[in-house]
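This briefing sets out the local features of a single protein–ligand model for use in computational work. Please consult the sequence and the coordinates alongside the points that follow.

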Amino acid sequence: MFSMQPIAIVRSPYQDTQAIPKGLGAKHEVEGSLEVLPEFEPGLTDIEGFSHLYVIRAFDRAEGCDLVTTTPSDDRPHGVFSTRSPRRPNPIGLTVVELLGREGPVLHVRGIDMLNGTPILDIKPYLSSVPPERLRRGWLAEAEARSGAKP
Ligand SMILES: C[S@@+](CC[C@H](N)C(=O)[O-])C[C@H]1O[C@@H](n2cnc3c(N)ncnc32)[C@H](O)[C@@H]1O
């Protein structure tokens, strides 16, 4: 076993999960901020040069877990590890945000899909090395094709 502590807190306009866009074609353009705790601020050194960041955070308000689940993107069930459901054995989420600017310990970002007050476990620069032609989107591509939605 191991323990973790939050290194930052999300400031988001979302107080309720119902308000966060979901399902095929959902866009996450909302702006918010990541407030890094003072003791971790030196860890932000040189972060300004990156356009996008991975935000690894806890789904602190998720309850329980479903190993097979239905998501807002499809009416067919899928294994939890092939979805981004918050109800998972370890309630950890991963969001890519655009870094708009930094003011000391506060990172202003776009692309928030997190509730206000969500605890952040880690922040890393986003560096995608997967060529688009090697990327497969699994059941999501099939659901998009059935619905006519664009990825
Ligand atoms: C489908 S998950 C995907 C999150 C992330 N992009 C990922 O792939 O891990 C996003 C949903 O999690 C829920 N959510 C957001 N913040 C949460 C929190 N702090 N605790 C529990 N659920 C949360 C909301 O319903 C939101 O629409």
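A salt bridge is counted where a side-chain nitrogen of Lys or Arg lies within 4 Å of a carboxyl oxygen of Asp or Glu. The side chains of Asp122 and Lys124 satisfy this criterion, with an N to O distance of 3.9 Å. The model is predicted, and side-chain atom pairs are considered only at pLDDT 80 or more. The points below treat the salt bridges, the ligand site, a surface patch and selected loop residues.

**Salt bridges**

- The count of salt bridges in the model comes to eleven.
- One of them joins Arg110 and Glu31, whose side chains meet at 3.4 Å, N to O. Arg110 belongs to strand S7 (residues 106–110) and Glu31 to strand S2 (residues 31–36), so this pair ties together parts that are 79 residues apart in sequence.
- Both partners of that bridge are partly exposed: Arg110 has a relative accessibility of 27%, and Glu31 has one of 46%.
- Glu31 and Arg110 also belong, together with Glu98, to a network of salt bridges.
- In the bridge between Asp122 and Lys124, Asp122 counts as partly exposed because its relative accessibility is 33%. Lys124 is likewise classed as partly exposed, at 41% relative accessibility.
- A further salt bridge links Arg137 with Glu144, and the closest N and O atoms of this pair are 2.6 Å apart.
- Arg137 is partly exposed, with a relative accessible area of 39%, whereas Glu144 is buried, with a relative accessible area of 7%. The assignment of Glu144 follows from the cut-off for burial, because buried means under 20% relative accessible area.

**Ligand site**

- The ligand is surrounded by 18 residues, of which Asp60, Arg84, Leu94, Asp113 and Thr118 come nearest.
- By residue class, the shell around the ligand divides into eight nonpolar, four polar and six charged residues.
- Strand S3 (52–58) and strand S6 (92–103) each supply at least two residues of this shell. S6 gives the most, with three residues.
- Thr118 places a polar side-chain atom 2.9 Å from a nitrogen atom of the ligand.
- For Thr95, an N or O atom in the side chain is 3.4 Å from a nitrogen atom of the ligand.
- Lys22 has a polar side-chain atom at 3.3 Å from an oxygen atom of the ligand. Taken alone, the ligand exposes 600 Å², and the protein buries 87% of that area.

**Nonpolar surface patch**

- Which residues form a nonpolar patch on the surface? The patch consists of Phe2, Met4 and Ile92, which together have about 350 Å² of accessible area.
- Ile92 is placed in strand S6. Its relative accessibility is 36%, so Ile92 counts as partly exposed.
- The cut-off for membership in a patch is over 30% relative accessible area.

**Loop between S2 and S3**

- Gly43 is found in the loop between S2 and S3. With a relative accessibility of 64%, Gly43 counts as exposed.
- Gly43 and Val68 are 25 residues apart in sequence, and their C-alpha atoms are 38 Å apart in space.
- Asp46 is also located in the loop between S2 and S3. Asp46 has a positive phi of about 80 degrees, although it is not a glycine.
- Asp46 counts as exposed because its relative accessibility is 60%, and the cut-off for this class is over 50%.

**Loop between S5 and S6**

- Thr83 lies in the loop between strand S5 (78–79) and S6.
- Is Thr83 buried or exposed? At 7% relative accessibility, Thr83 counts as buried.
- The side chain of Thr83 reaches two backbone atoms: the oxygen of Val80 at 2.9 Å and the nitrogen of Ser85 at 3.1 Å.

How values were computed:
Residues are numbered from 1 along each chain as its sequence is written. This is a predicted model: local features need pLDDT of at least 70, side-chain atom pairs count only at pLDDT 80 or more; totals for chains, interfaces and linings use all residues. Side-chain values use heavy atoms; hydrogens and water are left out. A residue is near a molecule or strand if one of its heavy atoms lies within 4 Å of it. A polar contact is a pair of N or O atoms within 3.5 Å; within protein, one must be able to donate a hydrogen and the other to accept it, and residues adjacent in sequence count only if both atoms are side-chain atoms. Accessible areas come from the Shrake-Rupley method with a 1.4 Å probe; for residues, only the protein chains shown count as cover. Helices (H or I, at least four residues) and strands (E, at least two) are DSSP runs, numbered from the N terminus. Ala, Val, Leu, Ile, Met, Phe, Trp, Tyr, Cys and Pro count as nonpolar, Asp, Glu, Lys and Arg as charged, and the others, Gly among them, as polar. Patches are made of residues with over 30% relative accessible area and no salt bridge: like charges are joined within 9 Å, nonpolar side chains (Val, Leu, Ile, Met, Phe, Trp, Tyr) within 5 Å. Buried means under 20% relative accessible area, exposed over 50%, partly exposed in between (1.4 Å probe, protein chains only).
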